[in-house]
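Student: I am new to this structure and would like a close look at a single part of it. Please take one strand and follow what lies around it.

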Amino acid sequence: MNVMGIIFANDATMGDLTSKRTMASLPFGGRYRQIDFHLSNMACAGIRHIGIISRHNYQSLMNHVGDAEEWGLELGEGGLEFLTPYAMSTTDRYRGKLENLYSAMDFLEYGSDDEYVVMADSAILSSMDLNDVLAAHVESGKDITVVTKSGIANGEKQLDLALKLDAKGEILDMAVDYAAPADYLASMDTFVLSKSFLKHQIKELVARDRFHMDRDLVMGLWQKGFATVNVYQFGGIALFNESVEEYFVNSLALTNPLVRGDLFHFHHPVFTKVRDRVPSYYGENCEIENCIVADGCMLDGQAKNSVLFRQVTICEGAEVENCVIMNDTVVGENCLLEYVILDKNVTVRPGSKLIGTPQTPIIIKRGETV
């Protein structure tokens with residue numbers, strides 16, 4: 001089966017965390033970027049023709065992916081391609097993913113052997129066997145397969161696309177930008193379509209000023225009877241990092257062995273750019289409890305229920321709890337940090353006290369000194 005992949009880098013803002021980077025290049029889990037999960041899913045499924053679409057702030061993403069060697073991919077035409085920046089509308093206003101795809105039509109046209117397209121959004125993380133998804137799509141005989149997750153809808157979280165099934169597993173209702181009740185499934189923003197169907201619908205919809213993936217392509221065509229939709233229910237763990245609060249909670253969830261084991265299991269590895277460092281140093285008086293610790297850290301203080309990226313320094317007397325601390329950050333002596341996200345290359349002066357909440361963690365921007 002010949003398949004091509006498209007990953008939307010997702011320029012949606014998460015405040016200071018994405019002011020200078022895309023969602024795809026947002027650090028996660030101590031040593032990864034969010035795009036690593038999607039590139040790994042596609043690479044493990046044998047997908048070698050992949051396009052990454054982004055509008056702004058893509059330099060960090062390109063630096064991370066590099067020549068794509070870590071994923072067994074080849075950078076260049078017919079392999080992995082950065083489709084950036086795509087053509088903007090005349091109003092300079094973002095109108096939706098279909099406009100992205102329309103501007104990337106040359107990429108879709110390339111490679112006549114590719115029969116299917118897998119599209120994924122970088123804000124939702126999972127270790128997914130896309131071969132199972134593709135097989136389910138082909139077996140269904142339907143035009144579009146939407147990958148969904150139960151247990152996300154709760155009547156409060158607004159879902160990009162929510163679907164309700166009847167007793168036979170057929171779609172009973174579909175809604176966009178809807179705080180769906182618990183009996184709805186949440187779309188994971190992963191779709192499978194035939195390439196010919198996708199190309200035809202992009203041209204038809206954009207010509208009629210329709211640019212929204214969920215509203216116009218999936219729900220719109222389904223409501224009008226112009227497309228059939230198959231629902232694939234993903235059974236593993238899916239982390240929806242669509243807000244600062246969700247990113248923070250999901251980062252700390254990695255300290256749970258069950259979550260870690262599902263995302264990083266032996267048979268479905270998550271690859272990332274290799275940056276070898278010396279092992280982390282644990283000082284004589286340090287106390288580290290229930291933490292994710294990457295390599296190269298210097299730990300002389302206390303850390304609990306936290307994620308520590310590469311080359312983090314926690315000085316003697318410092319106390320860190322429920323925090324996400326990114327690369328090359330220094331926490332000075334006798335500091336107290338709770339519910340804090342420190343971006344890369346931050347310096348926290350000795351004796352500082354930063355205390356946030358799980359709902360509103362304090363964010364310190366990259367390179368700042370506080």
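How many bridges join strand 1 to strand 6, and do the two run parallel or antiparallel?

Tutor: The model is predicted, and what follows should be read with that in mind. Strand 1, residues 3-8, is joined to strand 6 by 6 bridges, and the two run parallel. One of the facing pairs is I7 and A120, with A120 in strand 6.

Strand 6 itself spans residues 116-121, and 6 of its 6 residues are buried. In a regular strand the side chains alternate between the two faces of the sheet. Here the cover extends to both faces: Y116, V118 and A120 are buried on one side, and V117, M119 and D121 are buried on the other.

Strand 6 also pairs with strand 11, residues 185-194. That pairing has 5 bridges and runs antiparallel. In it, Y116 stands opposite S194 of strand 11.

Strand 11 leads on to strand 8, residues 144-149. These two strands pair in the antiparallel sense over 6 bridges, and K149 stands opposite A186 of strand 11. Strand 8 is largely enclosed by the rest of the structure, because 6 of its 6 residues are buried. Both of its faces are covered, with I144, V146 and T148 buried on one side and T145, V147 and K149 buried on the other. Strand 8 is joined in turn to strand 12, residues 229-233, by 5 bridges, and these two run parallel. There V147 stands opposite Y232 of strand 12.

Next come the empty spaces. Rolling a probe the size of a water molecule over the atoms shows where empty space is left. A search of the whole structure finds 2 cavities of 30 Å³ or more.

The largest cavity has a volume of about 80 Å³. Strand 6 takes part in its lining: helix 1 (34-44), strand 6 and strand 11 each supply at least two residues. Helix 1 gives the largest share, 3 residues. V118 and A120 are in the lining, together with H38, N41, M42, I124, S126, M128, L130, M188 and T190. By type, the lining has 7 nonpolar residues, 4 polar ones and no charged ones. A120 thus comes up twice, as the residue opposite I7 and as part of this lining.

The second largest cavity has a volume of about 40 Å³. Its lining consists of I124, K157, L159, D160, A186, S187, D189, F240 and E242. Strand 9 (159-165) and strand 11 are the elements that give two or more residues to it, and strand 11 gives the largest share, 3 residues. This lining divides into 4 nonpolar residues, 1 polar and 4 charged. I124 is named in the lining of the largest cavity and in that of the second largest. A186, which faces K149 of strand 8, is also in the lining of the second largest cavity.

The partner strand 1 and helix 1 bring in the nonpolar packing. In soluble globular proteins, nonpolar side chains tend to be buried together. The largest nonpolar core has 41 residues, and L39 and V65 touch the most other members. Helix 1 supplies the largest share of this core, 4 residues. Leaving aside neighbours within four places in sequence, L39 is in contact with I7, I50, I52, V65, W71, L73 and L80. I7 is the residue that stands opposite A120 in strand 6. Apart from this core lies another, of 37 residues, including I53, M105, M174 and M219.

For contrast, here is a separate sheet. In it, 5 strands form an open sheet in the order 14-17-20-22-24, with parallel pairing. Strand 14 (281-282) and strand 24 (347-348) stand at the edges with a single partner strand each, so one side of each has no neighbour in the sheet. Within the sheet, strand 20 (residues 313-314) and strand 22 (residues 330-331) pair in the parallel sense over 2 bridges. T313 has V330 of strand 22 as its bridge partner.

Note on methods. Residues are numbered from 1 along each chain as its sequence is written. This is a predicted model: local features need pLDDT of at least 70, side-chain atom pairs count only at pLDDT 80 or more; totals for chains, interfaces and linings use all residues. Side-chain values use heavy atoms; hydrogens and water are left out. Buried means under 20% relative accessible area, exposed over 50%, partly exposed in between (1.4 Å probe, protein chains only). Two strands pair if DSSP finds at least two bridges between them. On a 1 Å grid over the protein atoms alone, a cavity is a set of points where a 1.4 Å probe fits but cannot get out, and a pocket is an open set with protein on both sides within 12 Å along at least five of seven lines; lining residues have an atom within 4 Å of a point. Grid points are joined across faces, edges and corners, and a volume is the space filled by probe spheres set on the points. Ala, Val, Leu, Ile, Met, Phe, Trp, Tyr, Cys and Pro count as nonpolar, Asp, Glu, Lys and Arg as charged, and the others, Gly among them, as polar. A nonpolar core is a set of buried Ala, Val, Leu, Ile, Met, Phe, Trp, Tyr and Cys residues joined through side-chain atoms within 4.5 Å. Contact means heavy atoms within 4.5 Å.
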